[in-house]
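Pull the model up in your viewer and keep the sequence handy. We'll take a short walk through it, one stop at a time.

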Amino acid sequence: MSGAPGPAGRAYVIGPQLARDAEVRPYVSRADLPLGWRSLRVFAVDPSLSASEGEVHVIRVPYEPLAPGPEGGLFAVDMRVGEGGTCYRKVDLDDPDLLRRQGVTPDEADARFHGQMVYGIASLTYEAFRKALGRQPGWAFDPARPGQPSRLLLVPFAMAEANAYYSRSRGSISFGYAQSGGGRWSGDLPPDVTFFTSLSSDIVTHEVTHAILDGLRPHFAEATSADGPAFHEAFADLMAIFQRFEFEPFVRSQIRRANGDLALDTLLNVIAPEIGYLEGEPFGVRRFMAQRGEEAANAGGGRAMPVGLDRVGEDTHARGAVLAEAVFEAFVTIARRRTVRLIRLATGGRERLAEGELSPELLDEICLVSRKVAEQFRRICIRAMDYCPPVDITFGDYLRAMITADAVLVRDDPLNYREALVDAFRRRRIYPGNVATMSAHSLVWNPPQRPLPAIAELSLDRLRFDGDPGAVPRPQDAAYHAGCLGDAIAASPALRRELGLLPPAEAGPFEIASLRPTRRAGPDGQIAFDLVAEVVQRRMVALPDGREAPFRGGATLILDAWGQIQFVIRKGVASREREEKALGYMTGAGAGYWTGAQRLQAVEDLFHRFCLRRPEDGAP
């Protein structure tokens, strides 16, 4: 097959991510087994909540046989303390007694519960991506041993630091721990007590999201603008915020506290409250605020405007918070729009409840609607990843990706989800480039600029898949599909121009970076089959100091069930404007994300730290 990687002069190569995607092998439950789900007790937020606030919640994750650790098809928990230290007792979640009792009793002092907590929340997070994407996401790292399935290693006691981080090079997430006191004690925490990031569902979700996003878009780890690392942080925070709405008792307690108004300040919009207290931040590590619908509409008439992107500079977490808050505000707008009818019925026509007026029945309905809207926003955010360019992500790109992903699957938008997103982004001065207006219709990605023939070999009736288009393809099938796409691009100058690629003599062979079949269900029950592909090309450019730096371009392609290209989301590798901006950031404000004496290399581990940076991190 001409698509296999070969000698110099080859038009294209097959990237390593295709093999990595194929090495992820989740357990597939047999029809004759009685267990389809595993119930586990976890902390809904962290140990700082009380029982009345829904501290403990029972989650349901897909059942799989587990070795002690636990260790399954996707995740393995390492109970060692630090580098090669003491190994705590592993939890055996397949023990019949623990299966009956929904796992170990939640207890900060029981090391086994830490393993249960990280495994449970990680599995819940992965399942959310699987449902939204219509396929099994892969990892961006190779298996620990050849021939083994690729598993993400979760280390609950990795370091004595109130932080956590994902490392691609190790294929792991390291969770830290720290004591209160030492100048950080905020007053309401007892001194000299140890706190664990592994017991924060926000932090576990955030870091697992980094790992999944790294597998979906590996080249986003190359920070070519301030938006790149900030997007990683914002997206991970959004997944943590929206996943909380699965914990019904917690959501109920917070909506009761806010008297039904999601725009008010509660723990629903605070990330990692306990670790925030430990670090002297009374409102958690990060907090996202949203104005009420009428305040947003009248923000120009004397009301406070939200912080715009132009006012936060290039700090990664501050910049990411602007994006996360924009999406969160759009969620609040839609949730209030959907609950206002309930409130009018309960109050005889008013749109706000009087203090103490929230009945149990009304509280139930508001909770139900809020949780449904949160799930819809989470799916929009995740599905949008398939409509992002393969490199050099910007906030404007992501807005267009969200609008397109929703418009493709949900034709009608009677509650104006897309309009709420556009308004929230506009008010924060987040503007996509090359669009005529900021209307939802204008923000949908354009079809190819010129008519392109269908790639018949990639139509649904010719694809080779393992029983289900949404299942992980066999390695030989993934390579075959990639070869078909590579051959089609190599044979068509018009298609290469459409993708923004240069001739191999000018930039080397292009890379088929990924090719992923998907099967998704729309709101009216229809099943949509698509093929999502990334094509990337790299050229090396010289810096004034004599070093070389990589500059990548390429495109994401969306093909329908007949092999017809519907969208080409392009970042041209020949763009001198993009090159100048990228190199300016890589050698300036973003230099901390890069290293190398002769050739710049992306630094992986600094990109994904959760909390406050340490001086030795070196990140900008």
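What follows goes from a strand and its partners to the cysteines, and then to two single residues.

Bear in mind that this is a predicted model. Start with strand β11, residues 510-521. Of its 12 residues, 10 are buried, so the strand is largely enclosed by the rest of the structure. Now look at who sits alongside. Strand β1, residues 12-14, runs parallel to β11 and is joined to it by three bridges. Strand β12, residues 527-542, pairs with β11 as well, this time in the antiparallel sense and over 10 bridges.

Which residue of β11 is the bridge partner of Ile14? That's Ile512. Click on Ile512 and look towards β12, and you'll find Val535 standing opposite. So Ile512 is a handy landmark: Ile14 is its bridge partner, and Val535 faces it from β12.

Next, the cysteines. How many disulfides does a search of the whole structure find? Zero. Two cysteines are still worth a click for their surroundings. Cys87 has a relative accessible area of 43%, so it counts as partly exposed, falling between the 20% and 50% cut-offs. Cys367 comes in at 2%, which is under 20%, so this one counts as buried.

Now jump to Leu452, which you'll find in the loop between α13 (440-443) and α14 (475-490). Is Leu452 buried or exposed? With a relative accessibility of 10%, it counts as buried, because the cut-off is under 20%. As for its company, leaving out residues up to four places away in sequence, Leu452 touches Ala494, Leu495, Glu498, Gln564 and Ile565. Take Ile565 from that list: it sits 113 residues from Leu452 along the chain, yet the C-alpha atoms of the two are separated by 7.2 Å.

The last stop is Arg578, in helix α17, residues 576-586. You might want to check how much of this arginine shows at the surface: its relative accessible area is 13%, so Arg578 is buried, given the cut-off of under 20%. What does the side chain of Arg578 have at 2.8 Å from one of its polar atoms? The backbone oxygen of Gly572. Gly572 is also among the residues that Arg578 touches, again not counting those up to four places away in sequence. The others on that list are Val391, Asp392, Phe551, Arg552, Gly553, Lys571 and Val573.

Terms used
Residues are numbered from 1 along each chain as its sequence is written. This is a predicted model: local features need pLDDT of at least 70, side-chain atom pairs count only at pLDDT 80 or more; totals for chains, interfaces and linings use all residues. Side-chain values use heavy atoms; hydrogens and water are left out. Buried means under 20% relative accessible area, exposed over 50%, partly exposed in between (1.4 Å probe, protein chains only). Helices (H or I, at least four residues) and strands (E, at least two) are DSSP runs, numbered from the N terminus. Two strands pair if DSSP finds at least two bridges between them. A disulfide is a pair of cysteine sulfur atoms within 2.5 Å. Contact means heavy atoms within 4.5 Å. A polar contact is a pair of N or O atoms within 3.5 Å; within protein, one must be able to donate a hydrogen and the other to accept it, and residues adjacent in sequence count only if both atoms are side-chain atoms.
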